[in-house]
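Open the model in a viewer and keep the selection panel at hand. The stops below go from sheets to helices to single loop residues.

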Amino acid sequence: MTNDHAPIVTADSASIAAAAKCLKAGGLIAFPTETVYGLGADATNADAIARVFAAKQRPTFNPLIVHVKDTAAANAAGHLNDTARTLADAFWPGPLTLVMPRKDERVSLLVSAGLDTLAIRVPAHPVAQALLNDAAIPVAAPSANMAGCISPTAAGHVAVGLPGAKDGGPEMILDGGPCDVGVESTVVDVSTDTPVLLRPGGVTVEDIEAAVGPLALPTAANANAANKSPGMMDRHYAPGLPIRLDASGTRPGEALLGFGPDAPADAMNLSPSADLGEAAANLFSMIRTLDGPPFKAIAVMAVPDRGLGRAINDRLRRAAHSSEGAS
Ligand code: TXA
Ligand code: MG
């Protein structure tokens with residue numbers, strides 16, 4: 001592999017139209033969403049989808065999310081039941097992914113790793129919306145990073161993480177600026193009697209439960225959810241350095257990632273005012289900034305486990321877990 005990454009192109013109507021054309025021709029495009037950048041491909045083109053898995057070195061048993069422009073397009077791809085409709089009305093477009101029975105037989109089975117369900121999301125980012133509108137196809141898009149690495153929240157993160165097209169990466173990185181939400185979408189399986197929270201994310205559990213009642217947590221009983229959403233696998237959000245949670249200060253060699261007004265002034269601070277939305281938006285880019293020399297580890301102060309704090313703590317726990325025993 002060479003060091004050449006794909007060109008970073010400012011997302012305007014001309015570059016978005018070119019990207020849409022490329023997607024329809026089977027190419028891969030990195031594009032912004034409000035959560036993280038995605039690596040998109042035509043969900044109906046099995047060859048293009050196979051290249052997405054190859055580019056990320058992602059195991060093919062880990063299914064992809066299909067992005068569509070609106071609820072009508074979602075209903076063409078999958079079967080929306082009452083719960084799905086209520087959630088779609090409340091949170092789409094936005095950082096929510098719904099797992100439902102698949103409907104559109106043109107969508108490659110590789111997208112859903114052979115499952116009879118499909119994960120569908122309607123992103124709110126104007127560039128993602130324009131791209132989906134121009135392409136007029138369902139676009140499968142995992143986060144635009146190598147499997148097991150931290151998701152990209154800026155175009156430059158994609159460039160350092162993925163090679164260019166001649167080495168199997170995207171043809172183009174559409175630059176839509178930094179992502180507002182900063183953590184991936186919340187994934188809810190609505191194909192079971194009680195909806196199941198498969199991944200906490202950009203829509204809070206509190207808001208979802210206010211709309212549809214209590215969510216179940218994944219158990220062996222509700223259809224081996226661990227297999228259904230391998231994003232829940234422990235080693236998933238791995239930075240290079242070890243992460244230590246619930247820190248109140250640093251040990252020798254550690255960087256401090258703070259939260260709130262009590263953090264030391266010299267710490268990098270997820271949110272000095274303790275705003276969880278700001279903390280989520282800063283999380284991945286701040287970890288990237290601290291993830292290397294002169295530091296040997298990253299100590300992270302406690303973040304409250306409510307609202308977006310649940311998604312933040314989920315990612316931090318995985319990052320800490322994956323670094324156990326790492327050198
Ligand atoms: O915010 C996001 O969701 C971003 C942006 C680009 O949309 N995408 C993203 O994709 O995070 P990815 O591939 O990194 O995570 C997809 C998650 C995984 O946890 C996967 O296992 C789960 O969705 N998933 C996909 N299809 C599924 C299905 N049929 N059943 C259960 N889980 C599924
Ligand atoms: Mg990912």
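What follows is a tour of a predicted model, one selection at a time.

**Stop 1: the ten-stranded sheet**

Begin with strands S1 to S10 in cartoon view. They form an open sheet of ten strands, ordered S1-S8-S2-S3-S7-S4-S6-S5-S9-S10, and the pairing is mixed. Which strands lie at the edges? Select 8-10 for strand S1 and 196-199 for strand S10: each of these pairs on one side only. As background, the strands of a sheet pair through backbone hydrogen bonds, in either a parallel or an antiparallel sense.

**Stop 2: strand S6 and its partners**

Select residues 117-121, which make up strand S6. Is S6 mostly covered or mostly open? Mostly covered: five of its five residues are buried. In a regular strand, side chains alternate between the two faces of the sheet. To see both faces of S6, colour Thr117, Ala119 and Arg121 for one side, and Leu118 and Ile120 for the other; all of them are buried.

Now add the neighbours of S6. Strand S4, residues 65-67, pairs with S6 in the parallel sense over three bridges. Within that pairing, Val66 stands opposite Ile120. Strand S5 (96-101) pairs with S6 in the antiparallel sense, over five bridges. Show Leu98 here, since its bridge partner in S6 is Ile120. Ile120 is thus a useful residue to centre on: Val66 is opposite, and Leu98 is a bridge partner.

**Stop 3: strands S3 and S7**

Move to residues 38-42 and 139-140, which are strands S3 and S7. These two run antiparallel and are joined by two bridges. Which residue in S7 is the bridge partner of Asp42? Pick Val139.

**Stop 4: helix H4 over the sheet**

Select residues 82-91 to bring up helix H4. This helix lies across strand S5 and strand S9 (186-189), and runs at about 160° to S5.

**Stop 5: helices H1 and H5**

Two packed helices are described by the angle between their axes and the distance between the axes. Select residues 13-24 for helix H1 and 126-135 for helix H5; their axes come within 8 Å and cross at roughly 50°. That angle makes H1 oblique to H5. The crossing of the two helices is right-handed.

Next, show side chains at the contact. From H1, display Ile16, Ala17, Ala19, Ala20, Leu23 and Lys24; from H5, display Val127, Ala130, Leu131, Asp134 and Ala135, which they meet. How many residues of this contact are nonpolar, polar and charged? The division is nine nonpolar, no polar and two charged.

**Stop 6: the loop between S8 and S9**

Strand S8 covers 172-175, and Gly176 lies in the loop between S8 and S9. Gly176 has a relative accessibility of 27%, so this residue counts as partly exposed. Leaving aside residues up to four places away in sequence, Gly176 touches Pro32, Tyr37, His125 and Val127. Val127 was also selected at the previous stop, as an H5 residue in the contact with H1. For a distance check, draw a C-alpha to C-alpha line from Gly176 to Val139: they are 18 Å apart in space and 37 residues apart in sequence.

Asp180 lies in the loop between S8 and S9 as well. Is Asp180 buried or exposed? With a relative accessible area of 64%, Asp180 is exposed. Its contacts, again not counting residues up to four places away in sequence, are Glu34 and Ala281. A C-alpha to C-alpha line from Asp180 to Thr153 spans 8.5 Å, with their positions 27 residues apart in sequence.

**Stop 7: the four-stranded sheet**

Finish with strands S11 to S14. They form an open sheet of four strands in the order S11-S14-S12-S13, with parallel pairing. Strand S11 (243-244) and S13 stand at the edges with a single partner strand each, so one side of each has no neighbour in the sheet.

Select residues 254-258 for strand S12: five of the five are buried, so S12 is largely enclosed by the rest of the structure. Glu254, Leu256 and Gly258 point one way and Ala255 and Leu257 the other, and all are buried. On one pairing, four bridges join S12 to S14 (residues 297-300), the two running parallel; the partner of Ala255 is Ile298. On another, two bridges join S12 to S13 (residues 268-269), also parallel, with Met268 as the partner of Leu257.

Methods: Residues are numbered from 1 along each chain as its sequence is written. Chains are lettered from A and ligands numbered from 1 in the order in which they are written. This is a predicted model: local features need pLDDT of at least 70, side-chain atom pairs count only at pLDDT 80 or more; totals for chains, interfaces and linings use all residues. Side-chain values use heavy atoms; hydrogens and water are left out. Two strands pair if DSSP finds at least two bridges between them. Contact means heavy atoms within 4.5 Å. Axes are lines fitted to C-alpha atoms, for helices over the stretch in contact, and angles run from 0 to 180 degrees between N-to-C directions. Angles under 35 degrees count as roughly parallel, over 145 as roughly antiparallel, 65 to 115 as roughly perpendicular and the rest as oblique. A crossing is left-handed if the near helix is turned anticlockwise from the far one by less than a right angle, and right-handed if clockwise. Ala, Val, Leu, Ile, Met, Phe, Trp, Tyr, Cys and Pro count as nonpolar, Asp, Glu, Lys and Arg as charged, and the others, Gly among them, as polar. Buried means under 20% relative accessible area, exposed over 50%, partly exposed in between (1.4 Å probe, protein chains only).
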